[in-house]
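Work through the exercises below with the sequence and the model open. Each task is followed by a solution in steps.

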Amino acid sequence: GRIADRSTLYGLLAIAACLYLLACINFINLTTAEASRRAKEIGIRKTMGSSKKNLVFQFLTETFFITTIATVLSVIITPFLLKIFADFIPEGLHFDLIHQPSILVFLLLLIIVVSFLSGLYPALILSGFKPVLVLKNQAYSGSAQTRNAWVRKTLTVSQFIIAQFFVIATLMVSKQINYSLNADMGFSTNGIITFDTPRDTVASHNQQLLNDINALPEVQIASTGFFSPADEGVAYTNISYAEKKDIKANIQIRWGDPNYLKVYKIKLLAGRNVAPSDTMKEFIINDTYSKLLGFQKPENAIGKQLIFNGKTMPIIGVMQDFHEGSTHSLIDPLVFAGSNGSTFHIRLKPNTPGGSTWKNGIAKIQKAYKKIYPEADFDYKFVDDKIASLYKTEIHTASLLGWATGLAILISCLGLLGLVIFTTNSRTKEIGVRKVLGASVMQITSVLSKDFMKLVFIAFVIAAPLAYWATYKWLQDFAYRTKMSWWVFVLSGLAMLLIALITLSMQTIKAARANPVDSLRSE
């Protein structure tokens, strides 16, 4: 079975923790914002003899009940979510509460922890109201109001720090993946397919298949050999330089017939191509290996001897460097030997707008393959798909961050909307007076929105350096990486401000357009 990538699992846990934290902050924010609505109930209960301990227990119980309902709903939708995230988790992993009691224990602990984290502070605030002030409509005035407003503002900023962090991280990860997938690999990848013939095949059969494929009108050029220049596997070999045997390095090897370099359009910097051969007799080395051996000019390496499997073989050419793996690592020293192989490398002619050239070409190649190997499966891959698979973890990371970003923004905006509703409700009189004195809808909206936009901006100022540090550390895993562009931070900051402004406008415009007579008459 497939094993889950450890870093992906840690990533999922970190994202889950952040989203849980956001949800707890939201609950605290909205519960304390609604405190004034429950003030009378608390005052009456206290007058009737309820102690602070009783009220704290009541509010914690309410939170526990809400958390339990949320957990039950999450258990119901988990099987559907597992299908959506099937690429991230090992095959065979299933969700079965009946046969997995450990999950039940975990869920119970989670309910208790979340109920306590999100319910304790609101419970203490609500239970702390003095009944005399409550019943005089003064429960939410003075220093307590200021203190609670500051707590809510701090929690709102915390939410937007997390959301802003996710936005910047998503943009930077996507930028690096885009850079890696479109980086110059040092060889051509477009329209090239590879496939393997069955093991222990007769060399003449492969030669017959190669001749048949080269004769197809849709094929530009075909070759047999070993791995493609960049592949998921690595092939290191033990090679030493005859004149300086003490030069130690991991040397990668590729081999193929003379057409191999032509299929991938790999340029020779000096010397000649390999001659047709069934066995390895001579080497072309890459520029990195040439420099490692001490040659400043590629042509100086021609004619020098390498020792391979006890035999001395000449260097007949130096080729340009190409990435033999992902951009995570530096380019290794590499040798290319002239020899036939069981892997076919085929460059198809440029595709037509409808895509028929490649489709027809691959169908004809399969027919030729089945003619010689009727029992074997024809399993081909495009080389650019192979290169994309080298970045599977990064693509998964980007997808995870995309989901997390969407949820973080949604939760943060719900919290902001709740806070705006509370603020506009508590400032109804002020809005009415401003309208009577001639303030326009735009002016009132601006006054109401200003404080909240300030909070989102503060969140950006805090989140930007944190996201910079985190993405900078993540990019260190790549030997070849994209730049930390200033526009990523500006774009994410503006996007967050715009989303927050739209969220604010939904309520502030409605409040600003309300009839001032109604607000001034109510009391």
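**Exercise 1. Backbone outliers**

Task: locate Asn-309 between its two flanking strands, and decide whether Asn-309 is buried, partly exposed or exposed.

Solution. Asn-309 sits in the loop that runs from strand E8 (305-308) to strand E9 (311-319); helices (H or I, at least four residues) and strands (E, at least two) are DSSP runs, numbered from the N terminus. This is a predicted model, in which local features need pLDDT of at least 70, side-chain atom pairs count only at pLDDT 80 or more, and totals for chains, interfaces and linings use all residues. Residues are numbered from 1 along each chain as its sequence is written, and side-chain values use heavy atoms, with hydrogens and water left out.

Next, take the accessibility. Buried means under 20% relative accessible area, exposed over 50%, and partly exposed in between (1.4 Å probe, protein chains only). Asn-309 has a relative accessible area of 63%, so it is exposed.

Last, check the backbone. Most residues other than glycine have a negative phi. Asn-309 is not a glycine, yet its phi is positive, at about 55°.

Task: repeat the steps for Lys-265, which lies in a loop between a helix and a strand.

Solution. The loop joins helix H8 (260-263) to strand E6 (268-271). Lys-265, also not a glycine, has a positive phi of about 55°. Its relative accessibility is 48%, so Lys-265 counts as partly exposed.

**Exercise 2. A serine in a strand**

Task: state whether Ser-240 is buried or exposed, and list its contacts beyond four places in sequence.

Solution. Ser-240 belongs to strand E4 (residues 239-241). Its relative accessibility is 18%, so Ser-240 counts as buried. With neighbours within four places set aside, Ser-240 is in contact (heavy atoms within 4.5 Å) with Tyr-289, Leu-306 and Ile-307.

**Exercise 3. The largest nonpolar core**

Task: which helices each supply at least two residues of the largest nonpolar core, and which gives the most?

Solution. A nonpolar core is a set of buried Ala, Val, Leu, Ile, Met, Phe, Trp, Tyr and Cys residues joined through side-chain atoms within 4.5 Å. The largest one has 34 residues, and Phe-160, Phe-166, Leu-416, Phe-452 and Met-496 touch the most other members. At least two residues come from each of H1 (6-33), H6 (142-182), H12 (392-426), H14 (441-475) and H15 (486-512). H12 gives the most, with 11 residues.

Now follow Leu-416. Outside four places in sequence, Leu-416 contacts Thr-156, Phe-160, Phe-452, Ala-500, Thr-503 and Leu-504. A second, separate core of 22 residues includes Met-185, Phe-187, Tyr-260 and Val-383.

**Exercise 4. Packing of H12 and H14**

Task: describe how H12 packs on H14, using the angle and the distance between their axes.

Solution. Axes are lines fitted to C-alpha atoms, for helices over the stretch in contact, and angles run from 0 to 180 degrees between N-to-C directions. For H12 and H14 the angle is about 160°, with the axes 12 Å apart. H12 is therefore roughly antiparallel to H14; under 35 degrees counts as roughly parallel, over 145 as roughly antiparallel, 65 to 115 as roughly perpendicular and the rest as oblique.

Then list the residues. From H12, Glu-394, Leu-416, Leu-419, Val-420, Thr-423 and Thr-424 meet Leu-448, Phe-452 and Trp-474 of H14. The contact holds 6 nonpolar, 2 polar and 1 charged residues, where Ala, Val, Leu, Ile, Met, Phe, Trp, Tyr, Cys and Pro count as nonpolar, Asp, Glu, Lys and Arg as charged, and the others, Gly among them, as polar.
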